[in-house]
Every structure is written in C-alpha cells, then in structure tokens.
Amino acid sequence: MKRISIIIFSFFNIFILTSCSDMLDTDSSRQVFEPELNQKTDSIFYALGILQALQQVADQYMFQGEVRGDLVETTEFTDNHLRQLANFTATTACRYDSAYAYYRVINNCNYYIAHRDTTLRTGATPVAMNEYVAIKALRAWTYMQLARVYGEVPFYTEPLTQISQIDGADFPVENLQGIVDALAPDLEQYTGYATPNYGNTAPSDISPAYLFIPVDVVLGDMYLETNQFDKAARHYVTYLTEVVPQSRNHTAFMQNFTMSRRSLMELLPSDFTVTTGGVHSNWSSIFTGTNDLIAYIPMAPNSLQGATTQIPLAFGYDYYSTTPNYIDEIQLVPSQSYLALTDNQDYYYISSESTSTKTVVSSTKIGDLRFSGISREDEDNETNITTTWITKNRTADVILYRNTTVWLHLAEAFNRLGMYDAAFAILKDGINKSLVVRGDGEPLYMTEATKTALETTYPLLSGTNISKFSEPESYYGVHMHGSGYLRDYTGNVYQPGLSPYQLDTIVGLKLDELAQQYGVAVGTTPQDTLEARINAMEDILCDEYALEFAFEGCRYYDLMRLARHKNAKSPAGYPANFGYVWLQNKLAGRGWDETKMYLPFK
C-alpha cells in the first residue's frame, strides 16, 4: 500500500487552484486551503480540480489502449517507452505506466463524494446532484480503467488525507468483477441523470457539456466488461432514449467520397456514382466538433495554460510548435493489418443504372473511406515511399466516448444476447422505425422476437420512444460512415433486398474466414449455428471498431473485452480459451501471451 501513499501529498495541490493562466481555472481568484463543500458555489472549483487530475492520465490512457493493440506499428523514431508498450516488455520504469495517476483522480473523487452537500437547492432544484453523480461515475470509470490495465488493484472509497490512514491499512484488492460488484449497485440509483453543464461559468476554451461521462454509459460499460449483457443493453438504451438529446441520438455520418490512399481510378466500375444528398454530416468532421462527442479530456494548447500532451507528436504532428505542422519523425503509423482491413472493404453506391422506378445498389472494393478521412499521405516520387500521418490526433483533445461508441457497444451486447440481427441493424440500417413496421415494409433479416424486444425489453422502438428514431437522421448504420450507401430504402419506402450488404452474406463470409484461420466448423444443431453466428458477428463488430475508432486509444481494451466474451462462451468445437487464442492471433508477432495481459503495477 506504500505505492499509493504519495497520493495524499498531491491531494491538496489539486484543490489549491492554480494560476489564472490554467485552462481549467475559473475567473475566481479564490484559494482553497481547507476544502469544504457546503456552499452552492463550491462545485465548479472542485470539479475542475478533479479534471486537472484527469489530465495527468490522458496520455497513458491513450497509449496504453492503442499502442498495445493491432492497429499501429512503431518506427525507427519511436520513443523507447512506446516501443516497450508495443512489444509487451514495459516495466515499471515505463513513462506511460502510472497507477498513481489514476489513484490521484480516485482520491479526489472520494473526497468530493464524502464531503459534498447534496441537499443544497435553488428553489426545488438540487444544486449539485448532476455533478455529484458525474463524479461518482468518473470514479467508477477510473477504477474500471485501473482494472483493465493492471488486472487486480487496491480498492478504497474513503478519502485519504493522512499518512496514518495508509500505514497498516489492509485495503482489499479487486479485479474488474469485484469493482463492478462494489460500485455498480450504488450507481444504479442515478440512472437517467445527465452530466452537468457549467455554461458560462466554465473556462471559455473548453466544452463544458462534455467534461464528464454519463452514468448510464459508465454502467453500460461496466456490465459489458463483465459479460452482463442484459444490464449493459438496458443502460445504453436509457442513455439513448432519456439522456442524450434527440438531435444527437443518431449516427448520421458518411465520409465524403475521395479516392483512397491507393490509385484506384482504374478499378471503378462504369456504373459508379457518388451518393450525395441526405441529411448526413461528413464523418471526419466529428473530430473537429462536438456532434458525436460524449466526453473528452481537454489538454492545454500550450504549457503556460496547463497540462500538455505528447499524443499529436507521436503521430507526427507538432501541435505545440509556433507553426504547427507535420513532421517526418513519426513514431506511430497504421499497421499492415489495419491497412489490409480497410483496403478490403466494399464501397456501396447507387448505380447509374438506377431509374425513377428502380434503384440499383452496387459495390466495388475500393476500401473504407474513413481511413482517407483521418489520414494524410505524401509519396516520394524518387523512392516511391509513402509517408502516412494520422490526422485524427492533431489536436490536444483526448476523446473518451462518442455516441457511436454507445451504438456499437449496444450492438455488442445485443449480439451476445442472441439478437445478432439487431447488432447487424446498427451497422446497416440504424435503429429506426422501419425495423418493426409490420407488413411489406419490414426488413427481411429481423426476427419477430428481436422486433418485440426492441419494442419492450429494450424499448428503443416502443410506443413512447419510436418517434425519437423516425427522423431521416436515424436511417444511417455505422458501417455507412465509410462504406457508402447500405440502406435498403430511400426515404421512408423500404425496398427488400436492395443492398448487397445483407446479414446472411456478411456473416457467412466471416464464418468462412474464421474456419480458415482456426480450423473450426459450425456444428449441426440450431444452437451450434446460433453460437457460431454470434461469434462471427462479434468479429464483424471487432472489424467495425477498428474502422471507426482506430487511433483513439481504445483498441486493446476492446480486444481484451471481446476475448473475455469468447472465453466465457464460444461455439462448440472451438479451442479451449478461444478468446486468448483469438487475441494472440490478433497480436501475432508482438510477443503477447496470457502472462502479459496487464502492465506491472506501480
């Protein structure tokens, strides 16, 4: 326990407000030396103090989650600390391995939770409840992150402010399941709460509505991480129907068409057209705005204004230069497996052979356009060497969650609940009223059981909620973000079987791929078939995570979670501990094995 004793020395430093130049400072010059939380105006001082502590984990959160995944590779310029993460050889000397940084967030959350007066009101409105709930959710997220990184960690919920509280203390050590069991029941009473929005009170250079993670998103992830799929799905549905504004509950994005990194003009078929119109936004614009954002860590634009980040520099962008620009010393580049995945995607389009009475949807293998939306390339004509920069990370903002994260995590939960058709709907059509319309307008792949579940158990499309998913913005699946036109309908008129992107086809291709990789076959019983299709759909979702969230810092955590699902329940005839066999295949050549799942605790 001496490892965390240093936390208390920084405890009051977090709450003694920094100089007025700090981006997370407020306009107040108040200095807090003996923190109390019994005044209405106290909230923002302490909340922003906690967020200052969160800034200290931003880089390691991102690098721990991305560099250990399968989507990036190191280069000759890679910092040795990043290289150790990539090769699974990191020791406690690694710059990006600090449990202390996470515990500093936790200890400050503990202090706030223990001392904040939640009975204060302005009229009938509780002053601090949204903030109080948000900080409880942040503490749970931070503990969940610790368990993802270290496996088992010391667990405490009282604020530590004296050495005597640590000396001789026997804190329990909990894994991910233990942390969920300890914290989730308390969080359940706050389901449906939104995060606080400080408005004009917050510093002008941050987006105050996105500083905290909604409690239902945290609960959904806690349950998803521990294979409690029904509970996970219910909380994601609560977020999508009760918390997020209807204007932002959709996934209506599509990357504008440009030729990908390869010269593929000769591969375009003669009937190719670019799909235009609709209500979608350009997908890559979400990284310079807030239309898909749930929560982020805002880092300082320069060292004079607070904590800075090394993330842009690692991807080859000198953000902190007086003239920010791309540099040649790139430390992290897209992996060959990622490039192969994105290049192998079909692009769907409305054929020029379509008429006023017949719509024809075709496809061509020119790759997923999301990569071209977040990359910049330069080809040396003399050497024919192409240099690639990832533009997603050229700002000081570290994304934690997007609305698309919730939709895909919901698809993951639905799939493991046996509703792989609902998971596919989130990729293909989006969740919208056409999925449950009876008669000629119903999609061919939706079972009656799934339609009923979407109206009752997971009431996205109940009588109360269906209007929230009836606007054109709801008619977009996540895979449309980079693969063009996938819908089976134009407007609100459904045309069965119009798109070549069909459930049986896509799942069948993935089953064939898995059979070739692992020497497995689908069993002969209906249950065997169902389990195999669920596993295949999970791999399809894994691919979608790569296409959508590459280089955002969540890849290794996604792979670990999916491996746990597969270990807990894999199809008949698959290898024992199939999840770890599967994960080792994903990380082939990186030195990963089951003994290296977690970083050394320090």
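## A guided tour, starting at the largest pocket

The largest pocket, our starting point, has a volume of about 960 Å³. Before you select anything, please note that this is a predicted model.

**Stop 1: the largest pocket.** Select Leu341, Gln345, Lys510, Glu513 and Asp543; of the 39 residues that line the largest pocket, these lie nearest its centre. To see which elements surround them, colour strand S1 (72-74), helix H4 (80-87) and helix H11 (336-343), then helix H17 (503-518), helix H18 (526-549) and helix H20 (578-586): each supplies at least two residues of the lining. If you colour that lining by class, you will find 17 nonpolar, 10 polar and 12 charged residues.

**Stop 2: the second largest pocket.** Move on to a pocket with a volume of about 430 Å³. Its lining has 27 residues, and the ones to select for its centre are Phe287, Tyr296, Thr395, Asp397 and Val398, the closest to that point. Strand S6 (293-298), helix H10 (311-314) and strand S14 are the elements giving two or more residues to this lining. By class, the lining of the second largest pocket splits into 17 nonpolar, 6 polar and 4 charged residues.

**Stop 3: the largest cavity.** Keep S14 (397-402) coloured, as it also gives two or more residues to the lining of the largest cavity, along with helix H6 (129-150), H13 and helix H19 (555-568). How many cavities of 30 Å³ or more does the structure hold? There are 7 of them, and the largest has a volume of about 170 Å³. Select Tyr61, Leu400, Tyr401, Thr405 and Cys554 to get to the middle: among the 15 lining residues, these lie nearest the centre of the largest cavity. The lining of this cavity comprises 8 nonpolar, 2 polar and 5 charged residues.

**Stop 4: the second largest cavity.** Here the space comes to about 60 Å³. Select Asn249, His250, Thr251, Trp407, Ile426, Gly430, Ile431, Phe469, Ser474, Tyr476 and Val478 to show the residues that line the second largest cavity. Of these, 6 are nonpolar and 5 are polar, with no charged residues in the lining.

**Stop 5: two packed helices.** Leave Trp407 selected and show helix H9 (residues 229-243) beside helix H13 (residues 403-416). These two helices pack at an angle of about 145 degrees, and their axes are 9 Å apart. The crossing, as H9 passes H13, is left-handed. On the H9 side, select Phe229, Ala232, Ala233, Tyr236, Val237, Tyr239 and Leu240 to see the contact. From H13, add Asn403, Val406, Trp407, His409, Leu410, Ala413, Phe414 and Arg416. Together, the residues of this contact include 12 nonpolar, 2 polar and 1 charged.

**Stop 6: Ala568.** Next, select Ala568, which lies in helix H19. Is Ala568 buried or exposed? Its relative accessible area is 57%, so Ala568 counts as exposed, the cut-off being over 50%. Now add Gly579, 11 residues away along the chain: the C-alpha atoms of Ala568 and Gly579 are separated by 8.3 Å.

**Last stop: the whole protein.** Zoom out and switch to a cartoon view. The protein's secondary structure comes to 20 helices and 16 strands. Of its 602 residues, 59% count as buried. Taking the contacts with a separation of 6 or more, 73% are between residues 24 or more positions apart.

Note on methods: Residues numbered from 1 in each chain as written. Predicted model: local features only at pLDDT ≥ 70, side-chain atom pairs only at ≥ 80, totals over all residues. Heavy atoms only, no water. Axes fitted to C-alpha atoms, helices over the stretch in contact; angles between N-to-C directions. Helix = DSSP H or I, 4+ residues; strand = E, 2+ residues; numbered from the N terminus. Left-handed = near helix turned anticlockwise from the far one by under 90°. Contact = heavy atoms within 4.5 Å. Nonpolar A, V, L, I, M, F, W, Y, C, P; charged D, E, K, R; others polar. 1 Å grid on protein atoms, 1.4 Å probe; cavity = no way out; pocket = protein on both sides within 12 Å on 5 of 7 lines; lining within 4 Å. Points joined across faces, edges and corners; volume = space filled by probe spheres on them. Buried < 20%, exposed > 50% of the residue type's maximum accessible area, 1.4 Å probe, protein only.
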